[in-house]
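Dear colleague,

I am passing on the structure that follows, together with some notes on its pockets and its ligand. Please read the notes with the coordinates open beside them.

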Amino acid sequence: MSTFEELIAANERVEPRDDMPDAYRATLVRQIAQHAHSEIIGMQPEGNWLTRAPSLRRKAILLAKVQDEAGHGLYLYAAAETLGVSREELLDALHAGRQKYSSIFNYPTLSWADIGAIGWLVDGAAIVNQVPLCRCSYGPYARAMVRVCKEESFHQRQGFELLHTLSHGTEAQHAMAQDAVDRWWWPSLMMFGPPDDASTHSAQSMEWGIKRFSNDTLRQRFVDMTVPQAEALGLTLPDPDLRWDEEAETWRHGEIDFTELFEVVKGNGPCNAQRLGHRVQAHEDGAWVREAAAAYARKQAEKGRA
Ligand code: FAQ
């Protein structure tokens, strides 16, 4: 059997049965747990609009999307469990604030257009970040990402289509779409994490083949992909310094205020307390379901022994 170093050097997959350094395992638990928590906390901003969707079609689409996010959380918790941690431990760490979730889900959804902006920008950023994770060195995480990315593509398109409809609707609808994009643009750029020179984990994670590209590289890829899409939508991006660099063939964006990211990550974003409070409440309200499932499993096991 190959050693961990041999597997990484040969760009092959590390599987749960393989020996791996403690720090590699800890990094994966941290990242996969944070990712799983993001998926389930990420259901809240959009779930907030399920009862207010403007048509049956829009409601059915949004319901399916929010359910997909729950499914992504489950794939990811299952991937983390292969590293020897239990789902209970991970949820406890989230609820106690020892593990994080993505900064983006601490912003409010103020209008229906926010649902379009989340699909287009937030799921768009998630795809750019996650497609390279399909080639992550840890097998269970990489395989989970393949399915997740397929579903995120649908999410991104539904957001684009929703915004396109609003943007080409009445003047008020166009203004609502523009306002949503103005509020979600900068936070979606921050989803990629701190700039490379302030990213504590990137160098080691790239050496281990967990991350394939740096935070800034992926952020730039997202900007280059999104600017032409904004033009197609008939909407503008709220960055007066955005300009095409002919020579480098890339879009140069204005300075990102990373103090906002650090504040949100520290717990001081507009909705941090609400999001975590809601999650803890939902977990407590679901205690009877977990107890019933455990009692049923015990009964089945006893039947099997009898
Ligand atoms: N928010 O050294 P780095 C979705 C933390 S998509 C909060 O650069 P790393 C889909 C970082 O943890 C969103 N914290 O860290 C969806 C670290 O803190 P620590 C989820 C952040 O890990 C759409 C510190 O800053 N996607 O859910 C953020 O190498 C719609 C230093 O940073 C993923 O999680 C942030 N934005 O790179 C769902 C993707 N950025 O742990 C519902 C997988 C950084 O030392 C609705 N994760 N931090 O205390 C990754 O690719 C990486 O973990 C990065 C961060 C790129 C996020």
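To begin with the ligand, one of its oxygen atoms is 2.6 Å from an N or O atom in the side chain of His201. Please bear in mind here, and in everything below, that this is a predicted model. The side chain of Asn215 also takes part, with an N or O atom that is 2.9 Å from an oxygen atom of the ligand. From the backbone comes a further pair, in which an N or O atom of Met190 lies 3.4 Å from a nitrogen atom of the ligand. On its own the ligand has 1,100 Å² of accessible area, and the protein covers 91% of that.

Around the ligand there are 34 residues, among which Gln34, Lys100, Ser199, His201 and Lys211 come nearest; His201 is thus named both here and in the 2.6 Å pair described above. Sorted by class, this shell has 14 polar, eleven nonpolar and nine charged residues. Helices H2, H4, H6 and H7 each supply at least two residues of the shell, and it is H2 that gives the most, with six residues.

The space that the ligand takes is the largest pocket of the model, in which about 1,100 Å³ of space lies. Its lining is made up of 46 residues, and those closest to the centre of the pocket are Gln34, Ser102, Met191, Phe192 and Gly193. Two or more lining residues come from each of helix H2 (22-41), helix H4 (56-81), helix H6 (113-130), helix H7 (139-167), helix H10 (215-233) and helix H11 (258-268). Whereas H2 gives the most to the shell around the ligand, the lining of the largest pocket receives the most from H6, with seven residues. In terms of class, the lining of this pocket divides into 20 nonpolar, 15 polar and eleven charged residues.

There is also a second largest pocket, which holds about 210 Å³ of space. Its lining has 16 residues, of which Gln99, Lys100, Tyr101, Val265 and Asn272 lie nearest its centre; Lys100 is also one of the residues that come nearest to the ligand. The elements that give two or more residues to this lining are H11 and helix H12 (272-285), and the largest share, four residues, comes from H11, a helix that also gives two or more residues to the lining of the largest pocket. By class, the lining of the second largest pocket divides into seven polar, six nonpolar and three charged residues.

With best regards

Terms used. Residues numbered from 1 in each chain as written. Predicted model: local features only at pLDDT ≥ 70, side-chain atom pairs only at ≥ 80, totals over all residues. Heavy atoms only, no water. 1 Å grid on protein atoms, 1.4 Å probe; cavity = no way out; pocket = protein on both sides within 12 Å on 5 of 7 lines; lining within 4 Å. Points joined across faces, edges and corners; volume = space filled by probe spheres on them. Nonpolar A, V, L, I, M, F, W, Y, C, P; charged D, E, K, R; others polar. Near = heavy atom within 4 Å. Polar contact = N/O pair within 3.5 Å; in protein donor to acceptor, adjacent residues only side chain to side chain. Areas by Shrake-Rupley, 256 points an atom, 1.4 Å probe, with all protein chains shown as cover. Sits in = over half its atoms within 2 Å of the grid points.
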